[in-house]
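Biologist: I would like a close look at a single part of this model, taken slowly and with its surroundings included. Please start with whatever term the description will need.

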Amino acid sequence: MKLAEIKTILAGNPTEEQLTELKKDERAGVQKLLAAYDKKREKEKQERLRFANMLRYEKEYMALPGIQYIVGVDEAGRGPLAGPLVIAGVILQEDVFIAGLNDSKKLSEAKREALYPEILEKAVAVLVNVVSISNIDKENIYHATQEGMEQILRQIRVRPQVALVDAMHPHVEGIETVPIIHGDALSASIAAASVVAKVTRDRLMQELALAYPQYGLAQNKGYGSQLHMDAIRQFGATKIHRRSYEPIRSMNLTPVEERDNYLFEPENGKEDAGLKALLEDLEA
């Protein structure tokens, strides 16, 4: 058998009989291909074990009577000076496996973008809440985050019995809330929500960067980078800058126009009309 044929077999799902026969082949090229195959299989095994460990909270609660759905909730954008906060709620299938899923902060942008459609595909339900800048300024970021999470729990299409949340305490009657410190690294559901929230917010900030190019929003995503701070000093603050955050707070600017939070179910590859309108309003 030619090496190219063996490579094709190992790239698929070889049977034990095929592997046994290949191990008898003493050619160095064949043994090298087998070593690479074994290394890949061991890596996949370890990844499945890691992911199974990330499902321990979900499995613990799913084993309780009356628990059918568990939602993971997380946010992106509590710290930036500009742009909305984005919260996501994700209910995963019970037997799910998503290779590489982790806390969004530990993943590259390319990896988050690759995981995003897989999460949507393998989720029972996903809901995103774009928390308005006016609500952040009015409520303060902690309460705006908590209220935004409560909106997710009340309005997500499938009613969960348990919510796993990254170190927050939203309260919705009939749903048990489980705050988990560093939950986005410990729970698959929270990790999935963190990726959806982060990808959504990053995309929003990249769009807003076209309307406000001098602030470097595509790179800093609204955080207080040196470029961003220098631009605020030179050009002032815009309507997407949070009035409750320094140094904008000390500028004593007119409050931003009041806006409701915007909730939507993301569908990969399809543009959400309401989200587009929201962006156009922020860019105007």
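Modeller: A polar contact here is a pair of N or O atoms within 3.5 Å, where, inside the protein, one atom must be able to donate a hydrogen and the other to accept it. With that in hand, and bearing in mind that this is a predicted model, the part to look at is the sheet together with what surrounds it.

Thr145 is a useful place to begin: this residue lies in helix α7, residues 141-155, and its side chain reaches the backbone oxygen of Ile141 at 2.6 Å. Because its relative accessibility is 0%, Thr145 counts as buried, the cut-off for that class being under 20%. Setting aside residues up to four places away in sequence, Thr145 touches Glu75, Arg78, Leu85, Ile87 and Met168.

The sheet itself is open and has six strands, in the order β5-β4-β1-β2-β3-β6, with mixed pairing. Its edge strands are β5 (176-180) and β6 (262-264), each of which pairs on one side only, and from one strand to the next the twist averages 20°. Within this sheet, β2 and β3 (residues 123-131) run antiparallel and are joined by eight bridges; Ile91, for instance, has Ala125 in β3 as its bridge partner. Helix α5, residues 109-122, lies across β2 and β3 and runs at about 120° to β3.

Gly83 is placed in the loop between β1 (70-76) and β2 (85-92). Since its relative accessibility is 0%, Gly83 also counts as buried. Leaving out neighbours within four places in sequence, Gly83 is in contact with Ile133, Ile136, Arg201, Met205, Ile240 and Arg242. Gly83 and Ala123, by contrast, are 40 residues apart in sequence, and their C-alpha atoms are 27 Å apart in space.

A pair of helices completes the view. Two packed helices are described by the angle between their axes and the distance between the axes. For α9 (residues 188-211) and α12 (residues 273-283), the axes come within 9 Å and cross at roughly 35°, and the crossing is right-handed. On the α9 side the contact is made by Leu204, Glu207, Leu208 and Ala211, while α12 contributes Leu275, Leu279, Leu282 and Glu283. Sorted by class, this contact of α9 with α12 has six nonpolar residues, two charged residues and no polar ones.

Methods: Residues numbered from 1 in each chain as written. Predicted model: local features only at pLDDT ≥ 70, side-chain atom pairs only at ≥ 80, totals over all residues. Heavy atoms only, no water. Axes fitted to C-alpha atoms, helices over the stretch in contact; angles between N-to-C directions. Helix = DSSP H or I, 4+ residues; strand = E, 2+ residues; numbered from the N terminus. Left-handed = near helix turned anticlockwise from the far one by under 90°. Contact = heavy atoms within 4.5 Å. Nonpolar A, V, L, I, M, F, W, Y, C, P; charged D, E, K, R; others polar. Buried < 20%, exposed > 50% of the residue type's maximum accessible area, 1.4 Å probe, protein only. Pairing = 2+ DSSP bridges.
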